[in-house]
Amino acid sequence: MFYSKLGLTTIKENPSDAEIISHQLMLRAGLIRKLSAGLYTWMPIGLRVLRKVENIVREEMNNAGAQELLMPAVQPSSLWEESGRWNEYGSLLLRIKDRHNRDYCFGPTHEEVITDIARKELRSHKQLPLNFYQIQTKFRDEIRPRFGVMRAREFLMKDAYSFHLDQDSLEQGYNLMHETYSKAFERMGLEFRVVDADSGEIGGNRSQEFHVIADSGEDAIAYCDEENYAANIELTPTLKSQAKIVKSKKRKEKKHTPNTKDIASLCKLLKVEPKDTVKTLLLKGEKKPIAVVLRGDHQLNIIKAAKISGISLPVTMADEKEIKKSTGYDFGYIGPIDLGLEIYYDHAVAEMPSLICGANEKDYHFVDANFSDDLGNPDTIDLRNAEVGDPSPNGRGKLSVARGIEVGHIFQLGTKYSQALKASVQDDSGKDVPLSMGCYGIGISRIVAAAIEQNHDESGIIWPENIAPYKVIIIPINMHKSKKVETAALDLYEFLKNQNIEVLFDDRKIRPGIQFADAELIGIPIRIVISEKGITNNQIEFRSRISQDSEMLSREEAIKRIIS
């Protein structure tokens, strides 16, 4: 491909509205162009990357025996009402009406549609197991689309759905998709981890996420290599300490602490650390607020808190008016001593020999309070996010934490949708049995951004070879002034094309420095530079995108390196 025919315009400076590296580089390298908030056009060079990701996923799905189909993007509300999700899915669902005033949505996912297909097409257990997949545009009406294609409203996704007679078969299908996804991401050259995860609005019994490891990742992943453990931090348990706690010999004392409604100001006044304090959070309950108490430096885990009996879902904090009405106390000075509400304590609070807490009186806190003597030594539960250095779930090592970008998610749905939509088959005894289902998604367009977040430097993108838009870029120095350079460059270009090597030929009449900068920005894995001096010495300049140094090679040596 000749560069001048790409219609590609690169940008030197970072766009002002691009917050993360992948968004900046995708715009600067001309991979995408913004149409509106969360809506992007994939330009030719970006589309080449997108299609390569798509093709790897398709090949691995086909190798696993899955069957490709294509379902309508627009779905009738009646199916979503059958499953109960028309109202449950919330504002992410883009609802539309046709000319007859009938309700539809632009599909964010296709569990209802595929289950409707299954209940119409599948009759006997002899047809099972089956796995259908599609690669299709989805739409989720994000309240704040950001980070380019990382969190766009419209995106390309591979979604698959498997059907089984029983749980054993579902387990086998689920494990096959786990293996299939791993193969696909390995082929893409990505460093990733598979973590246990929450099923969210999709539902089901078990789910795992595939995360590309990157510092900019939105999700925190806790892992322990000693016991081969990895999970989203939201699902990682923290353990109750078995060590005997040494109690403080001091007695609690009420101290005047004006203008200390938060942990930071309290610590500054008392010259202590957040780990020496506890915070009492009041969550909305079905009847009245419920208190949870954590160490001052720990973060409440919403998923864990949602398991508390009587809590209002989704979990939200009580506001100042509710707190005043329920307790009579002022916001910012709430503490667990004589609070008069139902209280749950995190495990870590019991490990504190003494603690600082609100005194339920404006501008006052208790210092040197004791968990046993002053709080009554109550039972504790797991309420917080795990942190670096916490014991691993089985106690064989310590947890580490990395940032990850979710690019794939697999679910065991069980019979959630088949029962709601009455999709069943006859077993070998002739009895109708609801289908057991699995659901498996890969964010095709998100992978492109995640790959950039993981593979870049100060000069631009560094594509893994299997998803690079081109394998080689040829830069003929001042070709338009030298017939020798033009002939040598075009001859190599044609030879590589005939070897089915994807080559970009930079035929632009611009300074070599700009050509080099664009080649690095776009991230082509191999750069070949042809110059009059090199031709005189029977050499061409070879440089890998991951190397800082160029090499002078013979034409034959360069070709061998490219083809290998």
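The turns below ask why certain features of this predicted model carry the names they do.

Me: How do you know which residue is meant, and what does the model allow to be counted?
Reply: Residues are numbered from 1 along each chain as its sequence is written, and side-chain values use heavy atoms, with hydrogens and water left out. Because the model is predicted, local features need pLDDT of at least 70 and side-chain atom pairs count only at pLDDT 80 or more, whereas totals for chains, interfaces and linings use all residues.

Me: Why is the pair of F2 and F505 called edge-to-face?
Reply: Rings of Phe, Tyr and Trp (its six-membered ring) pair if their centres lie within 6.5 Å, and planes under 30 degrees apart count as stacked, over 60 as edge-to-face and the rest as tilted. For F2 and F505 the centres are 5.3 Å apart and the planes stand at 65°, so the pair is edge-to-face.

Me: What makes this pair a tie between parts of the chain?
Reply: F2 lies in the segment before α1 (21–28) and F505 in strand β27 (residues 503–505), so the pair joins parts that are 503 residues apart in sequence; helices (H or I, at least four residues) and strands (E, at least two) are DSSP runs, numbered from the N terminus.

Me: Is F505 buried or exposed, and how is F2 classed?
Reply: Buried means under 20% relative accessible area, exposed over 50%, and partly exposed in between (1.4 Å probe, protein chains only). F505, at 0%, is therefore buried, while F2, at 28%, counts as partly exposed.

Me: Why is the pair of F185 and F192 called tilted?
Reply: Their ring centres lie 5.6 Å apart with 55° between the planes, and since that angle is neither under 30 nor over 60 degrees, the pair is tilted. F185 is buried at 1%, F192 counts as buried at 18%, and ring pairs link both of them with Y181 and F210 into a cluster.

Me: What makes R193 a charge over the ring of Y223?
Reply: A charge sits over a ring if NZ of Lys or CZ of Arg is within 6 Å of the ring centre and within 35 degrees of the ring normal. R193 lies over the face of Y223 at 3.9 Å from the ring centre, and the charged end of K416 sits over the ring of Y417, 5.4 Å from its centre.

Me: How do you know that β15 and β16 pair?
Reply: Two strands pair if DSSP finds at least two bridges between them. Three bridges join the parallel strands β15 (residues 290–295) and β16 (residues 343–346), so they meet that rule, and V292 has Y344 as its bridge partner in β16.
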